[in-house]
Protein chains: 2
Amino acid sequence: MALAEAILVCLTEKPMSGYDLAKNFDASVGFFWRASHQQIYRELGKLRERGFVKSQEISQQGKPNRIVHTITDEGRAILRQWSIKRPRMPANKDELLLKFYAFEDIDIRAMIEHLSHRIEQHETRLARYKKIKSRYYDGKTLDLMKKGKLIALEMGLDNETSQIRMLTRALNDMRSLDAAKDD
Amino acid sequence: MALAEAILVCLTEKPMSGYDLAKNFDASVGFFWRASHQQIYRELGKLRERGFVKSQEISQQGKPNRIVHTITDEGRAILRQWSIKRPRMPANKDELLLKFYAFEDIDIRAMIEHLSHRIEQHETRLARYKKIKSRYYDGKTLDLMKKGKLIALEMGLDNETSQIRMLTRALNDMRSLDAAKDD
DNA sequence: GTTTGCTATGCAATTTTGTGCATATGCGCA
DNA sequence: TGCGCATATGCACAAAATTGCATAGCAAAC
């Protein structure tokens, strides 16, 4: 399970609360790791127990108190260990692709809908990536940490672009099939 | 949960045993849906209970008996319902990308290893896809069912190609960084 | 003034997925 | 004669993810 590591990786940047992490998962790391806030809070509990993070409650006015988590040296150590282990191939499960396989039993119009929606989603992500890239990386001198993130970011950008291209082609195929049906 | 649907989708092609399905998952559907044989047998039990498949034991000589599962009309009906529902965005969890994010705390040599291995894996898949395409689809007349599968297959091909391109670029970046370190 | 939404945390139950183990036959190989 | 491999099925436990629920203060909109 790598949720623990995903959290620790986020915390290498700066100490964060569970709430921050949940938002961060949506924004940056979220493109290659997803988790709900419930999962994150639960995992933070375990990490604290094992001594990989230390937690400190911070009083706030006008808002509920937050609990800020900092990665410990032990946390960094297991991160190093983990990085050497070969990562498993991503599961790559996609219901949409599956639907194409049952083509006789599905609704073409619905598929067109699905594809359009998927493309929109990827375009939103692509825009967000580009924004992050231009804001934090373009024309800046990069330390080692930022270089790694830039590589990941570029892979993300590249991936979104490919997805959009693939999905658009499939969408066009669907539209021709749908038009041909009316004859 | 879409494992049930993944199985039903496979069974639309022809009746199969759990063993067949497990192999089929490795070969074709497996590129966008993965499952172990244990998972498949368990799910088949549930599908039988709900009446979405009917199962028949077939005696064999020299080999253990096999239980062949056929999709029922009810099974096809829920497949149709399912196809209309919007598919969720794939989880897209990748430990490798995560490691780039913790770049200060990781081993560059290990990353080079990981990337090389990943590229090899994708190349194996790509070769398999190409073989399937040339064998079953090139220069053939395609019915609706096969058209859907071809679209899925081409998306798979495209995806593997993009992955290889992305990973190769990252690998080159890593190698330059590693070389620069020796100075 | 009441509803909606954001900040902030977390438990509990269920569903889904993954891993290890178990069993049985027959074939080919050394 | 023993070993590994392919065929064939499945249980049981453990880990992970999803979903629903619960609490609570403040701000802004209506």
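How many nonpolar, polar and charged residues make up the lining of the largest cavity? The tour returns to this point after the sheet of chain B and the largest pocket. The model on display is predicted.

**Stop 1: the sheet of chain B**

Select residues 16–17, 53–58 and 66–71 of chain B, which are strands S1, S2 and S3 respectively. Together these 3 strands form an open sheet in the order S1-S3-S2, with antiparallel pairing. S1 and S2 of chain B are the edge strands, each of them pairing on one side only. In general, strands of a sheet pair through backbone hydrogen bonds, in either a parallel or an antiparallel manner.

Begin with the pairing of S1(B) and S3(B), which is antiparallel and extends over 2 bridges. Label Met16(B) and His69(B): the latter is the bridge partner of the former in S3(B). Then turn to S2(B) and S3(B), which run antiparallel and are joined by 6 bridges. Here Ile58(B) stands opposite Arg66(B) of S3(B).

**Stop 2: the helices across the sheet**

Add helix H1 (3–13) of chain B to the selection. H1(B) lies across S1, S2 and S3 of chain B, and its direction makes an angle of about 90 degrees with S3(B). Next, add helix H3 (37–49) of chain B. H3(B) lies across S2 and S3 of chain B, running at about 115 degrees to S2(B).

**Stop 3: the largest pocket**

Centre the view on Ala91(A), Lys93(A), Ala91(B), Asn92(B) and Lys93(B), the residues that lie nearest the centre of the largest pocket among the 43 that line it. Helices H1 and H5 (95–101) of chain A each give two or more residues to this lining, as do H1, H3 and H5 (95–101) of chain B. H1(B) and H3(B), already displayed across the sheet, are thus met again here as contributors to the pocket lining. The volume of the pocket is about 1200 Å³. Coloured by class, its lining shows 19 nonpolar, 4 polar and 20 charged residues.

**Stop 4: the largest cavity**

Across the whole structure, a search finds 4 cavities of 30 Å³ or more. For the largest, select Asn92(A), Gln163(A), Asn92(B), Asn159(B) and Gln163(B), which lie nearest its centre; the full lining has 37 residues. The space inside amounts to about 590 Å³. Helices H6 (108–136) and H7 (144–181) of both chain A and chain B each supply at least two lining residues. The largest share, 8 residues, comes from H7(B). The opening question can now be answered: this lining has 17 nonpolar, 10 polar and 10 charged residues.

**Stop 5: the second largest cavity**

Finally, select Ala27(A), Ser28(A), Phe31(A), Phe32(A), Tyr129(A), Ile132(A), Ala152(A), Leu153(A) and Tyr101(B), which line the second largest cavity. H6 and H7 of chain A are the elements that give two or more residues to this lining. The cavity has a volume of about 60 Å³. Which classes are represented in its lining? There are 8 nonpolar residues and 1 polar residue, with no charged residues. Colour chain A by domain to complete the view: domain 1 (3–84) and domain 2 (95–181) of that chain each provide at least three of the lining residues.

Terms used:
Residues numbered from 1 in each chain as written. Chains lettered and ligands numbered in written order. Predicted model: local features only at pLDDT ≥ 70, side-chain atom pairs only at ≥ 80, totals over all residues. Heavy atoms only, no water. 1 Å grid on protein atoms, 1.4 Å probe; cavity = no way out; pocket = protein on both sides within 12 Å on 5 of 7 lines; lining within 4 Å. Points joined across faces, edges and corners; volume = space filled by probe spheres on them. Helix = DSSP H or I, 4+ residues; strand = E, 2+ residues; numbered from the N terminus. Nonpolar A, V, L, I, M, F, W, Y, C, P; charged D, E, K, R; others polar. Pairing = 2+ DSSP bridges. Contact = heavy atoms within 4.5 Å. Axes fitted to C-alpha atoms, helices over the stretch in contact; angles between N-to-C directions. Domains from an automatic or database assignment.
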